[in-house]
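Hi,

Here is the structure I promised to pass on. Have a look, and my notes follow below.

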Amino acid sequence: MNLSVLPGMAGQVRLVEASMPPPPCSGEVLVRMLRAPVNPADLLAIDGRYSFDLGPELPLGAEGTAMVETVGEGVTDLSPGDKVLLLSRGNWCRYRCVRRSHLIALPPDKDMTQAAMLRINPPTARLLLQATGAGPGDIIVQNGAASMVATWVRALAAPIGISVINVVRRAAGALPDALVDGDDLADRVKMLAAGRPVSAALDCVAGTATGRMAECLAPGGRLILFGHLSGEPISVRSQMLTGGGLSISGFSLRPAEAAMGGDAMQVMFSELMAFHLRSGIIFPVRDILPLSQAQTAIAQARLGGRGRVLLDLTQ
Ligand SMILES: NC(=O)c1ccc[n+]([C@@H]2O[C@H](COP(=O)([O-])OP(=O)(O)OC[C@H]3O[C@@H](n4cnc5c(N)ncnc54)[C@H](OP(=O)(O)O)[C@@H]3O)[C@@H](O)[C@H]2O)c1
């Protein structure tokens, strides 16, 4: 049987035993799922607060790694036993049958736990950086700076020569130079920028944090909102838009990728995989729990703290 974790009522999930997917049709691949993290976006989906309606019958799980079981007609570049990263949602299950174009082939020696955390955050960071319009010598500011996305933003910005000012909600041991968010944030950011303009802000917190991030920007600055960690509506001094030329836009990975097209996405992923290998970035793992204990894993992830909680989809 194929155990799946589906959204339930009011912040709950349902564990459902479904039948195995049918053998793959032409252009499809049947995979056995291996690992999947519990991400902030999964918690939003469980709570019914995600930006898109994912439907009640699609398994949860924005990310996941798997091993190829069988390939359908016409799939010539993957074989049983190959390791893959899933591009589509619906990964909290034991088996999936997906289009070949929804898979990224991984090297045989790739760590499948670390790889399971590469679907969302690296491309998000890359496309966010692109959306800032920042280039060599520019300065940007980001909040939620201890997060995985923010770690990727720093890693990808450094070789381009973009300086990143980091903002956290509380002092973070791993980021001793980060600024702790507060009413005088803009003054401290401007001091750190030493008279140079801060051209863009990446905001994943929303609420009043958005207003504080906006105040850090030079006239004409861009604020990109891509998360809702505070759970509050954004609040920004309106004169920043009328007099300060501030522009505010939202970012969501999947529509941004859809606009790129499949070939460009495959190229982006091969570049990001190569970057990941060179960078040696390793994300801390707090726990790995069996799929059958998804409720416990979700409760642990809700507590926050250092390291990702993952599901072992084989158990
Ligand atoms: N729009 C998109 O397409 C997209 C794609 C990927 C991620 N995201 C968003 O990006 C954000 C980061 O994701 P991630 O997976 O990188 O996160 P993560 O690694 O799980 O880290 C979350 C971080 O957010 C901080 N945080 C939690 N609640 C907060 C609050 N109320 N105020 C300020 N900081 C808070 C935590 O701080 P502490 O260390 O102090 O606990 C933690 O460092 C999330 O909002 C996620 O939904 C959006």
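One thing to check first: are Glu257 and Arg119 buried or exposed? Keep in mind that this is a predicted model. Glu257 is buried, and Arg119 is buried too. Their side chains meet in a salt bridge, at 2.6 Å from N to O. The pair links distant parts of the chain, 138 residues apart: Glu257 belongs to helix H8 (residues 253–260), while Arg119 is in the loop between helix H2 (112–115) and H3.

That salt bridge has company, as a search of the whole structure turns up ten. Two others are worth a look.

Glu57 pairs with Arg14, and their closest N and O atoms are 3.6 Å apart. Glu57 is in the loop between helix H1 (40–46) and strand S4 (65–71) and Arg14 is in strand S2 (residues 13–18), so this salt bridge ties together parts that are 43 residues apart in sequence. Glu57 is exposed, at a relative accessible area of 55%, whereas Arg14 is partly exposed at 32%.

Glu69 does the job with Arg32, the closest N and O atoms being 3.5 Å apart. Here the residues come from strand S4 (Glu69) and strand S3 (residues 28–37; Arg32), so the pair ties together parts 37 residues apart in sequence. Glu69 has a relative accessible area of 33% and is partly exposed; Arg32, at 28% relative accessibility, also counts as partly exposed.

Now to the sheet. Six strands make up an open sheet with parallel pairing, in the order S10-S9-S8-S11-S12-S13. At the edges are strand S10 (179–180) and S13, each of which pairs on one side only.

Starting from the S10 edge, two bridges join S10 to strand S9 (residues 163–168), and the two run parallel. Val168 has Val180 in S10 as its bridge partner. On to S8: four bridges join S8 to S9, again in parallel, and Gln142 stands opposite Asn166 in S9. The side chains of S8 split between two directions, with Ile139 and Val141 pointing one way and Ile140 and Gln142 the other, and all are buried.

What packs on this sheet? Helix H3 (residues 121–132) does, touching strand S8 (139–142), strand S11 (198–203) and strand S12 (222–225). The direction of H3 makes about 155 degrees with that of S12. Helix H6 (residues 208–215) packs on the sheet as well, in touch with S8, S9, S11 and S12, and its direction also makes about 155 degrees with that of S12.

H6 has these buried residues: Ala209, Thr210, Gly211, Met213 and Ala214. Their cover includes S8, S9, S11 and S12, along with helix H5 (185–193) and helix H7 (239–242).

Last, the surface. Ile234, Leu241 and Ile248 make a nonpolar patch of about 220 Å². Ile248 is in strand S13 (residues 247–250), which is one of the edge strands of the sheet. Why does Ile248 count as partly exposed? Because its relative accessibility is 31%, and partly exposed covers what falls between under 20% (buried) and over 50% (exposed).

If you open the model, I would start with Glu257 and Arg119, the buried pair, and then go to the sheet.

Cheers

Key. Residues are numbered from 1 along each chain as its sequence is written. This is a predicted model: local features need pLDDT of at least 70, side-chain atom pairs count only at pLDDT 80 or more; totals for chains, interfaces and linings use all residues. Side-chain values use heavy atoms; hydrogens and water are left out. Patches are made of residues with over 30% relative accessible area and no salt bridge: like charges are joined within 9 Å, nonpolar side chains (Val, Leu, Ile, Met, Phe, Trp, Tyr) within 5 Å. Accessible areas come from the Shrake-Rupley method with a 1.4 Å probe; for residues, only the protein chains shown count as cover. A salt bridge is a side-chain nitrogen of Lys or Arg within 4 Å of a carboxyl oxygen of Asp or Glu. Buried means under 20% relative accessible area, exposed over 50%, partly exposed in between (1.4 Å probe, protein chains only). Two strands pair if DSSP finds at least two bridges between them. Contact means heavy atoms within 4.5 Å. Axes are lines fitted to C-alpha atoms, for helices over the stretch in contact, and angles run from 0 to 180 degrees between N-to-C directions.
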